[in-house]
Amino acid sequence: MNEEPRIGVYICHCGVNIAGSVNIKEVVEYVKNLPHVVEVRDYIFMCSAPGQEIIKEGVKKYNLNRIVVAACSPTMHEHTFRNVLIEAGLNPYLLEIANIREHCSWVHSESREAATWKAYTLIRVAVAKASLLEPLKDITFKVNKNVLIVGGGVAGLSAARELALKGFKVYLIERRPVLGGNTARLGRIAHTELKGKDVVGELLKQVVDNPNINIYVNTEIIDVSGSVGNFKIRVVRQPRHVNEKCNLCGECVRVCPVEVSNEYEFGLTKRKAIYLPYLGAYPPLYVIDHENCTRCLECVKVCPRNAVNLAEKPEEIELNVGAVILAAGHEPYEPLIGEFGYGVSSRVLTLFQLERMLDEESPTKGELKINGIQPKSIVFIMCVGSLNITPNAYPYCSRMCCSSTIKNALVIKERYPETNIYILHKDIRTYSRGDEQLYLRAGERLIRFARYREAPNVLVNPDGSIDVRFFEETIQEEVSISADLVVLSVGMKPPKDIDRIRTIVKVGCGPEGFLREAHLKLRPVEAATDGVYLAGTVTGPKNIVEAIDSGSAAASKALTLLVKEEAIVEPLVAVVDDERCSACSICVGICPYNAIRIKTYEDRRIAEVDPAVCKGCGACVASCPTGVMQQFGFKDAQLKSQVLAALYK
Amino acid sequence: MEKPKIALYWCASCGGCEEAVVDLADKILDVVNLVDIVFWPVAMDYKIQDVENLPDGSITASFINGGVRLTEHEHVVKLLRRKSKLVIAYGACSAWGGVPGLANLYSREEILRYVYHEAPTVENPDKTRPQLKTKVEEEITLELPDLLPRLLPLDLVVDVDYYVPGCPPTPDVTWKAIETLLSGNLPPRGSVLGASDKSLCYDCPLNETKPDKVLIKDVKRPHEVLADPSKCLLTQGLTCLGPVTRGGCGALCIKAAMPCTGCFGPLDEVIDYGGKAISYFASIVDYADEEEIKKVLGKILDPMGVFYRYSLPASRLRGKIILAER
């Protein structure tokens, strides 16, 4: 574009958000004298329909060819104003935003003079860059219709179900050898006759037989390249060592000499190195835990159907998908040894252990017995691992523990009406439908609620008896309760390999480690990375209903992408000057997205950027030793003009 | 028709650039046939006075090598600028300061103290230093030029029309530059003459031996490794500056299994040669752990000497600012 720049500058008041601390009148006068500026207008809300009209009129009246909007952050309205440029007949990339709200009026509200001076500077910088902007063309490419779902818990299953019903192909990968996630290990779900694994079973019915869904258990994601609509995924499937010929006869389990703690019973029992995770598990096959297996081959010898094969190797699989749904779930908070007596006394259990014990399929057949004795006095301590109650606790509320605790307390009261039950809490948050009634019923059944501020002390006496001491907030007195059983209502925490996954998929996280949505309120199931969606507890604690909801929501969001034939990405990508690239290859190794390759054309080697893969991070541009790698929208000359405009008036 | 007049002058230079001109071998005779040399202190007996007597603008081109370090250099280059149509910064020192430019890491006082008192080979019990004026006899006072506070590349002292890179420029580059100047078809002012517009990697015979990704696990100095002359030296951990250095030298050092030290300087788009060099070199160290990276990069004992060997005075850094110096 060689024509003389004719810049229109549109300054937004944002009500009083900007005008409250920036002297708009003075800014307008100042901007009028900047080079290439032809028109300057201000308006109360530039993003409103009349505001947009002002820009369109200006383009027409003054034949403008570059637009600067001085308003809020480009994350807010860059898209809006780019559309205005399109409607005005301009290329949308001839727009530059000067952020005089978040970067200026909001942070300098204490000084009108300083805020106004900074607005001068920010607009001067934007005008300098605008005069060097070039028209750019959006990059479009075909959308791959397949979807990868990471995580086979209820959220992942729910998302898989929706997508498959719509006819899209789903690859569902699960790190564990079994589908169902944490829900599968839960006992009876409140307000239903269903157990956790029944809920999972219902979802599985709609998933496992659907030919659109390919299930990979024992499988982890190891690499992602490409971008929205066109991801290339590499996953690695660990061997199960037991194939479909297995008919669950159990001979192998009988002979296996290895015993380890059973994570599906929260460590209440032991399991063998060859095992079925739980009754009704899918896939319905034994699995060998190869970390603990000693390769003694006893199971191979005894298997009547030759279903065991210890020679299986990990397998790497490549998948091409258009969208990725992360439903990697959570882990229950595991108290430290000694925290509230956990791991020190056999009379201290977590809520999940208690719930397993109350299950009819548990080792005690649903009988509540500690060391063979039925406890007469039970103390529940809530918020363990949550709400900052201990130094290593997380700051958030885990949302499901209040209802779950009360539900279990009621089950105990039903089976053992003579038991004294105390629930020590910071606060009761039974917010789900029907849960408040559970709370009221607990009161009616004489379950006692007491409120602590400082975390209670659990004293394990030399004779094994336990005293729980705390300061009761309501009666304002020190209280000591003698307990036969202490149950710790533990919360949720991010799964341990979440950092690995999010680094691969390029999704941000919040301070506690849960994944971060594109917008907390407006885009709760989308990641900031286009084409990546978030479902279930991977974004924070949820109950089962919420997790299933968010799975469906993520699927529906993914569908809005998948139904399109073409995806569009911003053309703000790196580009090589073919004529002058020396093929030094530095950029190839530096690119974090594998978007650059050295290609040979008629004996000439040059670097080539795949614009569909490039994310516009600029690492190659900064590292290019000869300066021939440039980035559209951020060329050296454009950035230099901004720096100079910032430093000199 | 009168032959074009040419002047050649040296400032803070090792003399290599003068040798390079002589290295044109039989072509020097072609040059002499085509031009009149009016000033060449290293080879011909002209005096400053002879230049002063020439009309302003009468010299077609002055080739000046070496950085400007003495008051005398400053005086002569300003004179040559006045007398010449074109001034050509010939060689790395003149263009960006060169190896003598690394002295900008020290103050004038530090340099004098080291050279005249502290260097291990110096025997100077009376702590004598050269004086600007020395009375030899009653009537005779000898004068020496003064040392400037720091070495300056030529274009920080006078306007420079063209640059010829190299330490020294190779005969091939020198000849191409002369040909361009004599052709009358002059490139835009400020251009580099005689060399390539791509980096050395483009000319490098080892370019095709590079793996997909150039990443290194260790840094080696040339004497620490028996380099494989058939494999990209950078991938062998040597600090080869080929990627950031203008090509045109014919990859002479590479062909002798020595890494490029950068004497042909930066490409046109690069603002700061050393900065660019550090930027790409640091980013190919293949560790995620910061401590590992520090350990590997810590093996570059003299980063200024490696990355700014030829360009410190022309860089954004310029040198070390010594506040104590008056």
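This passage walks through some features of a predicted model with chains A and B.

A good place to start is the five-stranded sheet of chain A. Its strands line up in the order E18-E25-E19-E20-E21, the sheet is open, and the pairing is parallel. At the edges stand E18 (348-350) and E21 (448-451) of chain A; each has a single partner strand, so one side of each goes without a neighbour in the sheet. On average, neighbouring strands here are turned by 25 degrees against each other, if direction is ignored. A helix also joins the picture: H11 of chain A, residues 401-415, packs on this sheet and touches E19 (377-384), E20 and E25 (485-490). The direction of H11 makes about 170 degrees with that of E19(A). Going back to the edge, E20 of chain A, which covers residues 420-425, runs parallel to E21(A), and four bridges join the two. Across this pair, Leu424(A) sits opposite Ala450(A) in E21(A).

Chain A has another open sheet, this one with three strands in the order E22-E23-E24 and with antiparallel pairing. Here the edges belong to E22 (457-460) and E24 (477-483) of chain A, each of which pairs on one side only. The average turn between neighbouring strands of this sheet, again with direction ignored, is 20 degrees. E23 of chain A, made of residues 466-472, is tied to E24(A) by seven bridges, and the two strands run antiparallel. Glu472(A) faces a residue of its own kind across this pairing, since the position opposite is Glu477(A) in E24(A).Next come two helices of chain A, H5 (residues 112-130) and H17 (residues 636-647). Their axes come within 8 Å and cross at roughly 150 degrees. H5(A) and H17(A) are therefore roughly antiparallel to each other, and their crossing is right-handed. On the H5(A) side, the contact is made by Thr121(A), Arg124(A), Val125(A), Ala128(A) and Lys129(A), which meet Gln638(A), Ser641(A), Gln642(A), Ala645(A) and Ala646(A) in H17(A). Sorted by class, the residues of this contact come out as four nonpolar, four polar and two charged.

Chain B is built with 12 helices and nine strands. It has 326 residues, and 40% of them count as buried. Looking at contacts in chain B between residues at least 6 apart in sequence, 72% link residues at least 24 apart.

The two chains also touch. Chain B puts 23 residues into the contact, and chain A puts in 17 residues. On the chain B side, helix H8 (200-203) and helix H10 (273-283) each supply at least two residues. H10(B) gives the most to that side, with five residues. The side of chain B that touches chain A is made up of 11 nonpolar, five polar and seven charged residues.

A few spots in the backbone deserve a look of their own. Most residues other than glycine have a negative phi, and most peptide bonds are trans. In chain A, the peptide bond from Tyr282(A) to Pro283(A) is cis, with omega near 0 degrees. Pro283(A) belongs to the loop between strands E13 (274-275) and E14 (287-288) of chain A. Chain B has a cis peptide bond too, joining Cys167(B) and Pro168(B), with omega about -5 degrees. Pro168(B) is placed in the loop between strand E9 (162-164) and helix H7 (171-183) of chain B.

As for phi, His36(A) has a positive value of about 70 degrees, although it is not a glycine. His36(A) turns up in the loop between helix H1 (24-32) and strand E2 (37-43) of chain A. With 14 other C-beta atoms within 10 Å, His36(A) is partly exposed. Over in chain B, Ala257(B) has a positive phi as well, near 60 degrees. Ala257(B) lies in the loop between helix H9 (252-255) and H10 of chain B, and its 18 C-beta neighbours inside 10 Å make it partly exposed.

Last comes Thr600(A), a residue of strand E30 (residues 596-601) of chain A. Thr600(A) is exposed, with 10 other C-beta atoms within 10 Å. From C-alpha to C-alpha, Thr600(A) and Ala583(A) are 9.6 Å apart in space, and they are 17 residues apart in sequence.

Definitions and conventions. Residues numbered from 1 in each chain as written. Chains lettered and ligands numbered in written order. Predicted model: local features only at pLDDT ≥ 70, side-chain atom pairs only at ≥ 80, totals over all residues. Axes fitted to C-alpha atoms, helices over the stretch in contact; angles between N-to-C directions. Parallel < 35°, antiparallel > 145°, perpendicular 65-115°, else oblique. Left-handed = near helix turned anticlockwise from the far one by under 90°. Contact = placed C-beta atoms within 7 Å. Nonpolar A, V, L, I, M, F, W, Y, C, P; charged D, E, K, R; others polar. Pairing = 2+ DSSP bridges. Buried ≥ 20, exposed ≤ 12 C-beta atoms within 10 Å, placed from the backbone.
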